[in-house]
Amino acid sequence: MFKDALRRHLEAAVRRAVAAGRLPPVEVPPVEVEQPRGRRHADFATNLPLVLARRVGQPPREVARAIVEALDCSPDQVERVEVAGPGFINFFIAPAWLQALVRHVHAQGDRYGSHDVGAGRRVNVEYVSANPTGPLHIGSGRNGVIGDVLANLLAALGYAVTREYYVNDAGLLVHRLGQSVEHHYLAHFGIATPFPEDGYRGEYVREIARALVERDGDAWVHRDPQTRVAAFRDFAVAWCLADIRRTLEQFGITFDVWFSERSLYEQGAVDRVLAALRERGFLYEQDGAVWFRSTLFGDDKDRVIIRSTGWPMYYAADIPYHLNKLERGFDLLIDVWGVDHAGDVARVRGGLQALGVDPARVEFLLYQHVRLRNEGELLRMSRRRGEYVTLQDLLDAVGRDAARYFFCMVSPSVPMDFDWQLARQQSQDNPVYYVQYAYARICSILREAEGHPHGRRWVQAGRLDAAAVQDADLGRLVDPSEAALIHALAELPEVVYQAGMRREPQRLPAYARDLAAAFHGFYTQCRVLSDDPALTAARLVLVEAVRIALRRTLALIGVAAPERM
């Protein structure tokens with residue numbers, strides 16, 4: 001709220017200074033407004049004069065004075081403005097503006113922090129999309145949280161968001177899953193067969209085979225092997241998808257669309273795309289395989305698109321899949337992929353460009369690997385060997401809230417170590433516990449207010465009466481810790497905007513912790529329920545505003561806001 005308004009004031013001031021001849025004609029660059037650490041010298045500051053000075057050929061402090069003289073800020077918003085240092089402009093926020101911010105939070109309620117920058121444009125966010133060849137591992141958990149929180153953020157920014165899971169139910173990997181199940185199924189009837197190369201060895205594969213035995217008995221023993229493997233593949237994929245759905249629902253993730261890769265083959269979409277690429281000269285044959293001229297689109301070498309065995313590479317279906325999404329009317333496609341798929345980006349994007357698609361309409365958000373540590377020991381994982389910690393294991397151990405919060409805390413571009421032990425702690429060292437405890441403490445204050453002589457007028461059933469927001473004298477909020485708390489409240493709209501537009505969901509838990517810290521600092525310095533009726537009312541309004549902002553932030557992360565802990 002404050003930063004946006006100050007940016008607008010500064011942009012207008014530069015234009016006025018140019019019109020008055022104080023500055024030569026110049027295009028206003030992006031305006032940065034920051035909060036100095038600890039707000040020791042000012043509430044906000046900008047380096048705009050330093051940026052402009054290089055463009056207009058004037059000393060930065062002279063530029064700063066020209067801008068300050070052209071500023072038209074209301075005294076109800078900005079108490080004073082100063083030129084500082086080599087050419088910074090410092091702003092000191094008026095108490096009335098701080099008070100207005102608190103009331104604005106109440107007026108917005110659970111929409112506080114929302115924007116309309118998306119203007120209803122349709123965005124498809126595709127995430128998780130793990131191969132249905134076994135239970136989800138913790139890497140899929142990180143994928144899911146990044147995608148789900150990003151979808152929440154885009155919705156808060158005014159986009160019409162569709163959440164989609166791409167089911168890789170065609171191709172070599174699910175074929176190997178079917179072969180792996182076949183091995184255990186036949187073994188049940190005493191028929192020894194070699195285990196398939198690169199097959200799946202997890203206990204769940206035996207469980208799938210046992211389920212087939214229970215359902216069908218020995219009906220498949222003497223069937224054609226090709227028919228048998230195809231049937232076992234379909235059964236195993238359905239089994240794995242049901243398990244994936246259950247885990248994701250427990251994790252708080254649901255999808256609007258589950259899209260089948262196999263449908264692209266059945267409807268001829270893959271063949272049509274390959275024919276179109278061939279007709280345009282982007283495919284050629286070499287060494288018995290079909291190659292895509294991906295070097296024409298920035299790849300370091302051409303890539304096989306159809307193996308010499310006849311099995312297509314994954315991206316052979318990825319290209320028509322993205323075309324399908326665009327044909328469904330989406331303005332922007334965002335895929336959340338693991339860094340191990342980074343090489344596929346150029347191929348998919350290149351294939352789409354070869355078919356005339358604007359690459360700006362397709363975005364890939366890559367995230368780094370997750371390493372799981374338990375008491376400092378690194379746990380290694382391999383799906384095919386059946387030696388890995390599943391997402392369900394993690395949820396059973398640490399719970400949904402800690403898992404989501406921890407996955408969201410770290411930038412997708414950075415590898416993360418998931419600290420199993422820390423996530424289980426109920427202490428202030430655990431960041432999600434620290435934030436949730438702040439929320440629960442506010443709820444406790446409001447419950448206590450119902451029995452307090454000066455609080456019961458304003459609080460009923462743990463909720464603040466709307467009249468308190470209008471009637472309270474927020475001018476009583478003069479303690480430095482109260483001002484710091486209001487400034488922290490003001491940051492949420494900026495955080496939501498930056499986290500969504502820059503695809504940086506980690507900004508949300510960082511903000512939640514900062515707001516919780518500001519609240520804990522306020523709570524240490526200021527008694528909410530006091531002998532002063534007016535001060536009690538003002539502080540109740542303030543802490544309820546903090547509760548709104550914390551609840552909103554936790555909801556965007558997909559974490560509960562508990563009223564008791």
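**Exercise 1. Cysteines**

Is C408 buried or exposed? Solve this for C408, then for C240, and state how many disulfides the structure holds.

*Solution.* The model is predicted, and its values are computed from the coordinates.
Step 1. C408 has a relative accessibility of 2%. The cut-off for buried is under 20%, so C408 counts as buried.
Step 2. C240 has a relative accessibility of 0% and therefore also counts as buried.
Step 3. The number of disulfides in the structure is zero.

**Exercise 2. The surroundings of H322**

Locate H322 in the secondary structure, classify its exposure, and list its contacts outside the local sequence.

*Solution.*
Step 1. H322 belongs to helix α11, which spans residues 314-327.
Step 2. Its relative accessibility is 0%, so H322 is buried.
Step 3. Once neighbours within four places in sequence are set aside, H322 is in contact with L333, D335, W337, V348, L352, V362 and F364.
Step 4. With one of these residues, D335, the contact is polar: the two side chains approach to 2.4 Å.

**Exercise 3. R371 and its partner**

Which side chain makes a polar contact with the side chain of R371? Place R371 in its strand and classify its exposure as well.

*Solution.*
Step 1. R371 lies in strand β13, residues 370-374.
Step 2. The relative accessible area of R371 is 38%. Buried requires under 20% and exposed over 50%, so R371 is partly exposed.
Step 3. The side chain of D417 makes the polar contact with that of R371, at 2.7 Å.
Step 4. A further distance concerns D419: its C-alpha atom is 8.8 Å from that of R371, although 48 residues separate the two along the chain.

**Exercise 4. Salt bridges**

How many salt bridges does the structure hold? Work through the pairs D243 and R246, R347 and D344, and R507 and E504, then name the residues of the network that includes D299.

*Solution.*
Step 1. The structure holds 31 salt bridges.
Step 2. D243 and R246 form one of them, with an N to O distance of 3.6 Å. Both residues sit in helix α8 (residues 225-250), and because they are three residues apart there, about one helical turn separates them. D243 has a relative accessible area of 17% and is therefore buried.
Step 3. R347 and D344 form another, at 2.9 Å from N to O. Here the helix is α12 (residues 342-354); the two residues are three apart in it, so about one helical turn lies between them. R347 and D344 are both buried.
Step 4. In the salt bridge between R507 and E504, the closest N and O atoms are 2.6 Å apart. R507 is partly exposed, at a relative accessible area of 27%, and E504 is partly exposed too, at 22%.
Step 5. Through shared salt-bridge partners, D299, D300, R303, D344 and R347 are joined into one network.

**Exercise 5. Strand β6 and its parallel neighbours**

How many of the eight residues of β6 are buried? Describe the pairing of β6 with β5 and with β7, and the handedness of the crossover that leads from β5 to β6.

*Solution.*
Step 1. Strand β6 covers residues 160-167, and seven of its eight residues are buried.
Step 2. β6 pairs with strand β5 (residues 122-126) in the parallel sense, over five bridges. Within this pair, E126 is opposite E164 of β6.
Step 3. Between β5 and β6 the chain passes through helix α5 (residues 138-156), and this β-α-β crossover is right-handed.
Step 4. β6 also runs parallel to strand β7 (residues 257-260), to which four bridges join it. Y165 has W258 in β7 as its bridge partner.

**Exercise 6. An antiparallel sheet**

In what order do the four strands of the open antiparallel sheet lie, and which are the edge strands?

*Solution.*
Step 1. The order is β1-β2-β4-β3, with antiparallel pairing.
Step 2. The edges are β1 (33-34) and β3 (78-84), each of which pairs on one side only.
Step 3. Strands β2 (residues 44-46) and β4 (residues 88-93) are joined by three bridges in the antiparallel sense.
Step 4. Across this pairing, F44 faces F91 in β4.

Key: Residues are numbered from 1 along each chain as its sequence is written. This is a predicted model: local features need pLDDT of at least 70, side-chain atom pairs count only at pLDDT 80 or more; totals for chains, interfaces and linings use all residues. Side-chain values use heavy atoms; hydrogens and water are left out. Buried means under 20% relative accessible area, exposed over 50%, partly exposed in between (1.4 Å probe, protein chains only). A polar contact is a pair of N or O atoms within 3.5 Å; within protein, one must be able to donate a hydrogen and the other to accept it, and residues adjacent in sequence count only if both atoms are side-chain atoms. A salt bridge is a side-chain nitrogen of Lys or Arg within 4 Å of a carboxyl oxygen of Asp or Glu. Two strands pair if DSSP finds at least two bridges between them. A crossover is right-handed if, with the strands pointing away from the viewer, the path from the first strand over the helix to the second runs clockwise. A disulfide is a pair of cysteine sulfur atoms within 2.5 Å. Contact means heavy atoms within 4.5 Å.
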